[in-house]
Amino acid sequence: MSMNKKRTKKEKGTSVHTHIFLTIAIIVSLFPIALLILNSLKTNQEVMENPVGLPSVPQWNNYVTVWQQGGYSTAFLNSLLTVVVAIVVVVASCGCCAYAMTKLKPRGSRLVGNYFMFTMSVSVTLCLIPLFFLWMKMQLMNTLRGLILIYIGINIPLIVTIMKSFFLGIPDEILESARIDGCGEWKILWKIVVPVSKPIFLTSSLLVGLAVWNEFFYANSFIQNDGLRTVATRYLAFTGQYSSDWSQVCAAGVITILPMVILYLIFQRQFIEGLTAGSVKG
Amino acid sequence: MKKKVMFLNFRIRKRVLDMKQIKKTKLISKSERKRELLAWTMILPALLLNVFIMGGPIIGTFGISLTDWDGIRQASFIGLDNFKKLLQDTHFFWAALNNLKWAVFFLIVPVIFALIIAGILRKVKRGQLIYRTLFFIPYIVPSVVVAKIWTLIYSPFYGITAWLEKLGIQNPPKFLADPNISLFSVAFVDSWRYWVFLMVLFLTAFSQVDKSLEEAAMIDGANPVQTFINVTIPQIRPTISMVLILTTIWSVTTFDFVYLMTGGGPGSSSELVSTYMYRLAMQNQQPGYASAISLVMVLFSVVFMSVIGLLRKRGWEI
């Protein structure tokens, strides 16, 4: 009895230490983001004099200035359009593809699987040069269409792979009995597979959305027109122009990260599971 | 000859079967073919989109690497000359050496951080999810913003350097401006974002660890640290080796943070193979040579993975 008591006491003791340690670790590791938010609410003068402290008077106006000067309304519309189209096309095409590859298994589908494994593991920088010149020739350079097309293409291997591993868990018996009842494959896909696979469609959409929202390599190389920039590259252009004004650079940073941080806080489980399941670097 | 015999055989067998059966088999094979056709129509949209954006261009990269193309004029075929040029390009080897340093840094610093925090966090029953959620935030912040925040933190005028100066430290490190440490300063920023990803991977692996072994070790008198290193970590070895392999491959192609924070400078102290390739392709108008470099990057990953696969087949546990 007394030993039991001792033990629980000891466990409690270590766990308080653990909580303190972990809290400190979190504060240290999130410090740069806190810095971004704090400095976004200061005047530029204040950032230079006191970069770490709290803002004396929160300058909410910074956001309004940055939003207007940075042309963020257009940038948000561009990003939103890009994200939505990419998600719809990727999820729809990958859903069909993964279903056929796991449940219909036509001859040659294993080869397709291997092909996707390969394209998933190569770096997207490898495709840059041919795409650059192809896009010039096809006059897709400096268009959102062209950029969206690239985002769709580069996100497909990962989404097919994670959808495949989910569909493998759907028992064949359900599909078989539907087939006996005279259901066509499209109907099975739409009426049976999609409803039970909602979680993976959500995760896939979030992954594509995050990847597209944060992407800058292709957006930076393929879009030069300010009015067509997405939020991430708009941020690059803006900070290039106003690099000396740190309060505005920080405010623009907050505007850039806010949509994804909010989405993340709502769907943190899906984000974490999706990102680690695919084992991709964002 | 053989074909003919088989055909005859088939005909005889066919005659043996009664008519109904024949109709049925024909029907099945027809519906089978129809199903296969349907399956391919489902596969093709995704496949073609990816081939158009990735598969085709990868072959294109290979083709361009065999030419002296400058992006404007007619290209001429020069065989493997670009690859020969590569072997004599000291700048390329300098960049590759930086990639190696980057890989070493990434195989040590974030991995150890992630192991320690995951090891502590796994003992926490209440609130583990909240900690995990908060720790993971940096991973979803876009690299453009991360790079800017850290440029401010590293700034010699308002950042750590100025702060250390105020504390009276002589010649504090000038992170991004000092050629000796610029590469590692950038690597630290990338790993600040990367380690949380590894931490979550390790945390998942730890949740499947056999607890009775640890308890046995504790009863035998091992302290928690000894138990963790000698009993717990060996049990997640598959995850650790996967992490090490992934980290090595990513270190070869890493691009974002060096491009955003130093552009390879000062001088070429933080130049990586990818930033060198990007500059050759976009500014120096040498897409042919740049393609050869990006192919070498992929070749490294392919060879590396093949070696790992081979060793695994030989019975190495990696």
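Domain bounds here come from an automatic or database domain assignment. Keep in mind as you work that this is a predicted model.

**Exercise 1. Find the domains of each chain and say how far apart their centres lie.**

Step 1. Start with chain A. Its domain assignment gives domain 1 (2-62) and domain 2 (72-241).

Step 2. Now get the spacing. Taken over C-alpha atoms, the centres of domain 1 of chain A and domain 2 of chain A are separated by 37 Å.

Step 3. Move on to chain B, which is divided into domain 1 (2-65) and domain 2 (81-313). The C-alpha centres of domain 1 of chain B and domain 2 of chain B lie 46 Å apart.

Step 4. Check what joins the two in chain B. Four residues of domain 1 of chain B are in contact with seven residues of domain 2 of chain B. On the domain 1 side, the residues split into two nonpolar, two polar and no charged.

**Exercise 2. Describe the side of chain B that touches chain A.**

Step 1. Count the residues: 66 of chain B are in contact with 73 of chain A.

Step 2. Ask which elements supply them. Among those of chain B that give two or more residues are helix 2 (19-65), helix 4 (90-121), helix 8 (182-206) and helix 14 (287-313). Helix 2 of chain B gives the most, with 21 residues.

Step 3. Sort by chemistry. This side of chain B has 48 nonpolar, 13 polar and five charged residues.

**Exercise 3. Work out how helix 12 and helix 13 of chain A run relative to each other, and what helix 12 packs against.**

Step 1. Read off the geometry. Helix 12 (residues 231-241) and helix 13 (residues 246-266) of chain A pack at an angle of about 180°, with their axes 10 Å apart.

Step 2. Apply the cut-off: angles over 145 degrees count as roughly antiparallel. So helix 12 of chain A is roughly antiparallel to helix 13 of chain A.

Step 3. Pick out the touching residues. Helix 12 of chain A brings Val231(A), Ala232(A), Tyr235(A), Phe238(A) and Thr239(A), while helix 13 of chain A brings Val249(A), Ala252(A), Gly253(A) and Thr256(A). By type, the contact has six nonpolar, three polar and no charged residues.

Step 4. Look at burial. The buried residues of helix 12 of chain A include Thr233(A) and Arg234(A). As a group, the buried residues of this helix pack against helix 4 (72-104), helix 10 (198-214), helix 11 (217-222) and helix 13 of chain A, together with helix 6 of chain B.

**Exercise 4. Locate the residues that touch the most other members of the largest nonpolar core.**

Step 1. This core has 155 residues, and Cys97(A), Ile159(A), Met199(B) and Phe202(B) touch the most other members.

Step 2. Find the main contributor: helix 8 of chain B supplies the largest share, 17 residues.

Step 3. Zoom in on Ile159(A). Not counting residues up to four places away in sequence, Ile159(A) touches Val90(A), Val91(A), Cys94(A), Ser204(A), Leu207(A) and Val208(A).

**Exercise 5. Decide whether Leu128(A), Val124(B), Lys105(A) and Asn142(A) are buried, partly exposed or exposed.**

Step 1. Set the limits: 20 or more other C-beta atoms within 10 Å makes a residue buried, 12 or fewer makes it exposed, and in between it's partly exposed.

Step 2. Take Leu128(A), in helix 6 of chain A. Leu128(A) counts as buried because it has 26 C-beta neighbours inside 10 Å. Leaving aside its neighbours within four places in sequence, Leu128(A) is in contact with Ser221(A) and Ala281(B).

Step 3. Take Val124(B), in the loop between helix 4 and helix 5 of chain B. Val124(B) has 16 other C-beta atoms within 10 Å, so it's partly exposed. Beyond residues up to four places away in sequence, Val124(B) touches Ser15(A), Thr18(A) and Tyr131(B).

Step 4. Take Lys105(A), in the loop between helix 4 and helix 5 (109-121) of chain A. Lys105(A) counts as exposed because it has 12 C-beta neighbours inside 10 Å. Its phi is positive, near 40°.

Step 5. Finish with Asn142(A), in the loop between helix 6 (128-137) and helix 7 (144-167) of chain A. Asn142(A) has 14 other C-beta atoms within 10 Å, so it's partly exposed. Phi of Asn142(A) is also positive, near 65°.

Terms used:
Residues are numbered from 1 along each chain as its sequence is written. Chains are lettered from A and ligands numbered from 1 in the order in which they are written. This is a predicted model: local features need pLDDT of at least 70, side-chain atom pairs count only at pLDDT 80 or more; totals for chains, interfaces and linings use all residues. Helices (H or I, at least four residues) and strands (E, at least two) are DSSP runs, numbered from the N terminus. Ala, Val, Leu, Ile, Met, Phe, Trp, Tyr, Cys and Pro count as nonpolar, Asp, Glu, Lys and Arg as charged, and the others, Gly among them, as polar. Axes are lines fitted to C-alpha atoms, for helices over the stretch in contact, and angles run from 0 to 180 degrees between N-to-C directions. Angles under 35 degrees count as roughly parallel, over 145 as roughly antiparallel, 65 to 115 as roughly perpendicular and the rest as oblique. A nonpolar core is a set of buried Ala, Val, Leu, Ile, Met, Phe, Trp, Tyr and Cys residues joined through C-beta atoms within 7 Å.
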